[in-house]
Every structure is written in C-alpha cells, then in structure tokens.
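Let's take a walk through this structure together, one piece at a time. Keep the picture beside you as you read.

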Amino acid sequence: MCCNGIIVILALLIGFAAILYLLYQTYSYIKCGCGKYGPFVSSYGKIKEDMIEEARVILKKAKHKMKVTDLGCGSGTLLLPLAKEFPEHEFIGYEWDIVPLTMGKIKAAGLKNITFIKGDYMKQDYRDMDLIMCYVLKVTGEPLGKILAENIKENCVVISEMFPLGHLEEIKQIDSSIYGVPEKIFVYRKPKAEKGNSKKGSTEKKKTVKSQPTKTEKAVKSKMTSKTVKKNAKGGKNVKKK
Ligand SMILES: C[S@@+](CC[C@H](N)C(=O)[O-])C[C@H]1O[C@@H](n2cnc3c(N)ncnc32)[C@H](O)[C@@H]1O
C-alpha cells in the first residue's frame, strides 16, 4: 500500500513537471516570435568549449578592462565561466526569457562582474562593447548583423556560434562540432567604411550643389532673360517694320 502510494505520488510529480515543461516550451516559442528568434537552448559540447576558448584568448590579451556581452545569454552558460576566470573584466547578458534569466542570476550569486539584463537584444546599445558573443538562429543573423555593423566600435570582436551574421567583416571561421556533428564558429569585426563610397558621396553632393542655381546665377539668368526679351521685342518691332 505504502509503496503504491509513493509510485502514485512520483507519477503525479513527473506528470506535473512534464505539463510545466510543455507549457514553458509553448511560452518560449511564442515569446521568440514563433521561430523568428532562438528559444532557450544552452550551448553544449565541443562548440561551447570552443566559444569560451575563443573569448578567453581575446580576454587574456586585453590591456584594459573589457566589456563582454552575450546576446540571448540564457542561463549564462558562456558568460559565467568567463566571469569567474576574468574578475578584471565586465560581463553583461541580455535575455528576455524570465526562466533562464532567473537561473542565470541564481548561478551568478556572489559574482560582482556579471549583470543579467532582461531585454530584447535587438534594441540594446553596443557602442562600448569590446567583445560580443551570440548563439542566434540563422534567420536572425541578417538583421542582427546589420544592427551590430552600424553600432559597434572599430576594435570590437563578434563571435557567433553555429550561424553566420550579415553585414559584418569576417575575420575567420573556426571548425568545431557538437557531439561529432561538424559546426562552425564565425568571428567578425566592424566593416571598414569603403573609400569609394565616400568619394561617390562627395561627387553626389557636388552634383546636388551644381544642380541648384546660386543667387548670383539666378540674378545673371534673369538679367540675361530680360535682355533677350528686350532684344526679341526690338527684333519683333524690326520684323513688323519690315
Ligand atoms: C540558443 S539560446 C542561447 C543561450 C546562451 N547564449 C548559450 O549559448 O547557452 C538563445 C537565447 O536567446 C534568447 N533570445 C532570443 N531572442 C531574443 C531577443 N530578441 N532578445 C533577448 N533574448 C532573446 C532566448 O530566450 C534564448 O534563451
């Protein structure tokens, strides 16, 4: 009887946990725009270690305090080990899902150099970041890359797990894997402003200036027009006389 009771309670608990998990998955899918953004899946396997290692190499070389962020940081799988290893640098995780965010905050208890911020990573200011990490969906790579290309500073490095980002300048690709399945890590920096574009811009400006007559040009033109009218009028008289 007692054993049966325990089995029933265990079954109820497992059923309850399964329902909670399903509810959370549905909430997460809707929250992430029904496939527009990646839901909460932690980095794992070799690719996680390779992401951390790539960041580690940059942070070790740093000569000043670095600001590091993970866009959609989940529960801090990438940021937490780095924050522990590099107390001299600052770590900021952006995450809009309250569940992984709370897990991250709990795991980070006692660490002073890491902050979890609830918010949309498409709407943040990245101008003072030195290192940006992300693990986003393929569809997000294009719009996110555009935002970063326009907003990061010259020497900021962007490391993207599994999926390429648009608009940024690629520094390198790193071969990695998840449990034997080959995957890549993409490393970027801000694209350099093209010299050709700026020249084109100045020519266009010049053209625009040329196409607008100045006050003097307008005055000369109106003077000439009035002279021509008078001349024509005179000519007209002459013609009439003839
Ligand atoms: C694939 S997980 C990556 C988690 C973590 N970076 C890691 O590597 O373990 C993507 C995370 O990004 C979050 N996310 C997706 N779109 C977001 C957005 N626009 N703003 C903030 N967080 C977002 C999801 O809630 C999810 O936790």
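In this predicted model, strand E6 (residues 169-178) is joined to E7 by nine bridges, and the two strands run antiparallel. To find your place in this pairing, look for Ser 177, whose bridge partner in E7 is Pro 182. E6 and E7 make a hairpin with two residues between the strands, and there Tyr 179 takes a positive phi near 45°.

From the hairpin, move on to the other pairing of E7. Strand E7 covers residues 181-189, and five bridges join strand E5 (residues 157-161) to it, again in antiparallel fashion. Here Glu 161 stands opposite Ile 185 of E7. E5 also pairs with strand E4 (residues 131-134), this time running parallel and through four bridges. In that pairing, Cys 134 is found opposite Ser 160 in E5.

Where do these strands sit in the sheet as a whole? Seven strands form an open sheet, and their order is E3-E2-E1-E4-E5-E7-E6, with mixed pairing. The edges are E3 and E6, each of which pairs on one side only. If you compare neighbouring strands, they are turned by 20° against each other on average, direction ignored. As a general point, strands of a sheet pair through backbone hydrogen bonds, either parallel or antiparallel.

Now travel to the E3 edge. Strand E2 (residues 90-95) and strand E3 (residues 114-118) run parallel, joined by five bridges. Between E2 and E3 the chain passes through helix H4 (residues 98-107), and this β-α-β crossover is right-handed. Helix H4 lies across E2 and E3, and its direction makes an angle of about 165° with E3. A helpful landmark in the strand pair is Phe 91, which has Ile 114 in E3 as its bridge partner.

Next comes the ligand. Which residues are closest to the ligand? Among the 23 residues that surround it, the closest are Tyr 37, Ser 43, Gly 72, Gly 74 and Thr 77. Sorted by class, this shell holds 13 nonpolar, six polar and four charged residues.

Finally, a word on confidence. The mean pLDDT of the chain is 84, and 79% of its residues reach 70 or more. Over residues 197-214, however, the pLDDT is below 50, and this stretch has three contacts beyond near neighbours in sequence. Residues 223-242 also stay under 50, and for them the model has zero contacts beyond four places in sequence. Where pLDDT is low, the predicted coordinates should not be read in detail.

Note on methods. Residues are numbered from 1 along each chain as its sequence is written. This is a predicted model: local features need pLDDT of at least 70, side-chain atom pairs count only at pLDDT 80 or more; totals for chains, interfaces and linings use all residues. Two strands pair if DSSP finds at least two bridges between them. A crossover is right-handed if, with the strands pointing away from the viewer, the path from the first strand over the helix to the second runs clockwise. A residue is near a molecule or strand if its C-beta atom, placed from the backbone, lies within 6 Å of it. Ala, Val, Leu, Ile, Met, Phe, Trp, Tyr, Cys and Pro count as nonpolar, Asp, Glu, Lys and Arg as charged, and the others, Gly among them, as polar. pLDDT is the predictor's confidence in each residue, from 0 to 100. Two residues are in contact if their C-beta atoms, placed from the backbone, lie within 7 Å. Axes are lines fitted to C-alpha atoms, for helices over the stretch in contact, and angles run from 0 to 180 degrees between N-to-C directions.
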